[in-house]
Amino acid sequence: MPDPSESRAHTTVQYSVSRGVTVVKIGGAALTNKSTFETINTVVFTEVVSQIVQVWGQQRGKLIVVHGAGSFGHFQAKKYGVQTGTSRWDEKKQRNENSIQSNTDTTTSDLAELSMGFCLTRQSVTRLCTLFVDALIVAGIPAVSVPVLPMVFTCDREPVSSRDSMQCVNMLLARGMLPIMHGDAVLDTAQFCSILSGDTILRELSVNKSYNVSSVVFMTNVLGIYDRPPHRLDKTNTPPVIQVSDMHSMSIHEGSSSDTTSGETIFDRNSMTFTHGDQSDHIGGSPRLLRHVTVSKLGSKVTIWNGHHLQRKCSTPRIALTDTDQNLTNIVLGASRDTDVTGGMNTKIAEARAIADAGVPVIIVEAGTQHSLQALRDGVAIVRRIEETGGDVGEWRGTVVSSTDMNVDCITDGN
Ligand SMILES: Nc1ncnc2c1ncn2[C@@H]1O[C@H](COP(=O)(O)OP(=O)(O)OP(=O)(O)O)[C@@H](O)[C@H]1O
Ligand SMILES: C=C(C)CCOP(=O)(O)O
C-alpha cells in the first residue's frame, strides 16, 4: 500500500531500522494478576514501563511492543466461547446429524450472544491497552495503540495478514513512535470470530517479510522455560509429560479439560535440543530452567490437534524436540489456567519454535527484572553469547530458542 505522505520530500526524521527490529511481548501473566478479573500487577507494570523508558534512546524506531491479555479479555472470551466461534455448533451438529430437530432459532440467538462476547472481549483488552499506552505517554514515550482487528483476520483460527496490512507499523517506526499491539478478538472467515494471541502476533510480525526483525523477546512471569511447571498451580493440574528420551514420536495430553485450545501434541525428538542452566537455576531442587532450546527445520514432523472435541488438524504451530542431554528425560508443560483461552506456555513454545524456524532468535525472560532489561537492550548479544559459549551467560537468566539452521552472526547490526 503506497503511503502518499512518504512520496513527498519532507523534513521528518526517518529512524533507521538497519539494525533490525526487536519485537517484545509483555505477557498478561506479568502485567496483570491473572487470577483476579481485570486487575493490574502494579509492581511489574510500572517496572516494564520504566525499562522501556530506559532503552528508548537506543531502541527508538526499532521496537514493537505487543502485550497479552492476562486477567483482561480471557474471562469474557471464555464465557462466550469467542475462541471457538461457531465451530462448536458445527461440531455439535455433526454429532447430532441424525437428529431431525431444527436449531435455526438457537443459532440466531447464539450468534447474537457470540457477537456480544466478541465486543466485550475487545473492550476488555482495549481497557488494558489504554492503561498501558497512557502510562507510557505519561513517561514521555510516543506510544500508539495499533489494533490488529483491521490488519489480521483468521481462517480456522490461523492468522491471515498481508504484507501491506502491517505497513502502518513500519510507518510508525520510521516516525520514531512506539507501536503497541495486543492479543485480541478478531474476525474469522470460517467460524465467525476467534482469538488471536499476542504470542501469535509475534509470529506474524517475525515471518512477515515487511519487517527486519532481528530478535523476539517474550516476557512473562517466570524466568523462562523450565523442565516442569515452576508454579504450584500447574502441578495440581495433571500436567502433560513429554518423554524426550523416547526413541519414537512422543505425545502429551493436556490436563485441563476447560482449556479451549489445548489438545494432543505430538513431538518429534529429532529437531529440538535442550541445554540446561547450572545448579543455581534449580529452585528448591525442583524445576530446572532451560537455557537454550535449539530448533532444527530438518525432521520437524509435528502435528497439533486443537481442542478436545474438534480433533482437527492445524498446520502451525509445530513443535519438535530432541534430547541430546542425557540428564533430561521429561519436559512437563503445565495445563493453562481454566480462564485462559490461548494455551499458556504450550502456545508460547510453539510460536517461539515457529519464529526460530523463520530465522529469528527468541528469548523468553521474566518481565520487570534485570534479565528483561538486558534482553531489551541487546537480545542479539545474549543469543550470540549463548551460541558461542554453549549456554554460559554469566548472571543472565532466561531461555533462548534459536535454530540450528540460523547463523546468528548474519543478523545485521548496524551499530
Ligand atoms: N515448563 C514450564 N516452564 C515455564 N512455565 C511454565 C511451564 N509450564 C507451565 N508454565 C506456566 O506458564 C505460565 C506463562 O504462560 P502464560 O501464557 O500464562 O504467560 P503470558 O504470555 O505472560 O500470559 P498471557 O497469555 O495472558 O499474555 C507461567 O506462569 C508458568 O507457570
Ligand atoms: C482477547 C484475548 C483473550 C487475547 C489473548 O492474548 P494473549 O493473552 O496474548 O494470549
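A residue is called buried if 20 or more other C-beta atoms lie within 10 Å of its own, exposed if 12 or fewer do, and partly exposed in between, with C-beta atoms placed from the backbone. Let us use that idea to walk through this protein.

This is a predicted model, in which local features need pLDDT of at least 70 and side-chain atom pairs count only at pLDDT 80 or more, while totals for chains, interfaces and linings use all residues. Residues are numbered from 1 along each chain as its sequence is written, and chains are lettered from A and ligands numbered from 1 in the order in which they are written.

**Overview**

The protein has 415 residues, and 48% of them count as buried. Its secondary structure comes to 11 helices and 19 strands (DSSP runs numbered from the N terminus: H or I of at least four residues for helices, E of at least two for strands). Two residues are in contact if their C-beta atoms, placed from the backbone, lie within 7 Å. Among contacts between residues at least 6 apart in sequence, 77% join residues at least 24 apart.

**The helix α7 and its surroundings**

Which residues of helix α7 are buried? In this helix, residues 167-174, they are V169, L172 and L173. Seen down the axis of α7, these buried residues fall within an arc of 100 degrees, so they line one face of the helix (the arc is that of the directions from the helix axis to the C-beta atoms). The cover over them includes β1 (21-26), β2 (63-67), β3 (143-145) and β6 (178-182).

V144 lies in strand β3. Not counting residues up to four places away in sequence, V144 touches L172, M177, L178, P179 and I180. With 17 other C-beta atoms within 10 Å, V144 is partly exposed.

**The nonpolar core**

A nonpolar core is a set of buried Ala, Val, Leu, Ile, Met, Phe, Trp, Tyr and Cys residues joined through C-beta atoms within 7 Å. The largest one here has 84 residues, and V23, V217, V362 and I363 have the most contacts inside it. This core draws at least three residues from each of domain 1 (23-213) and domain 2 (232-358 + 394-410), with bounds that come from an automatic or database domain assignment. Leaving aside its neighbours within four places in sequence, V362 is in contact with V216, F218, A352, I355, A356 and V401.

**Around ligand 2**

How many residues surround ligand 2? There are 17, and the closest are G68, G73, G183, S197 and G198 (a residue is near a molecule if its C-beta atom, placed from the backbone, lies within 6 Å of it). At least two residues of this shell come from each of α4 (74-80), α6 (104-138), β7 (184-188) and α8 (198-207). The shell divides into 6 nonpolar, 9 polar and 2 charged residues. Here Ala, Val, Leu, Ile, Met, Phe, Trp, Tyr, Cys and Pro count as nonpolar, Asp, Glu, Lys and Arg as charged, and the others, Gly among them, as polar.

**Backbone turns with a positive phi**

| Residue | Place | Phi |
|---|---|---|
| E38 | loop between α2 (28-31) and α3 (42-59) | about 45 degrees |
| R157 | loop between β4 (153-155) and β5 (158-160) | about 75 degrees |
| G176 | just after α7 | about 75 degrees |

Neither E38 nor R157 is a glycine. E38 is partly exposed, with 16 C-beta neighbours inside 10 Å, whereas R157 is buried, with 24 other C-beta atoms within 10 Å.
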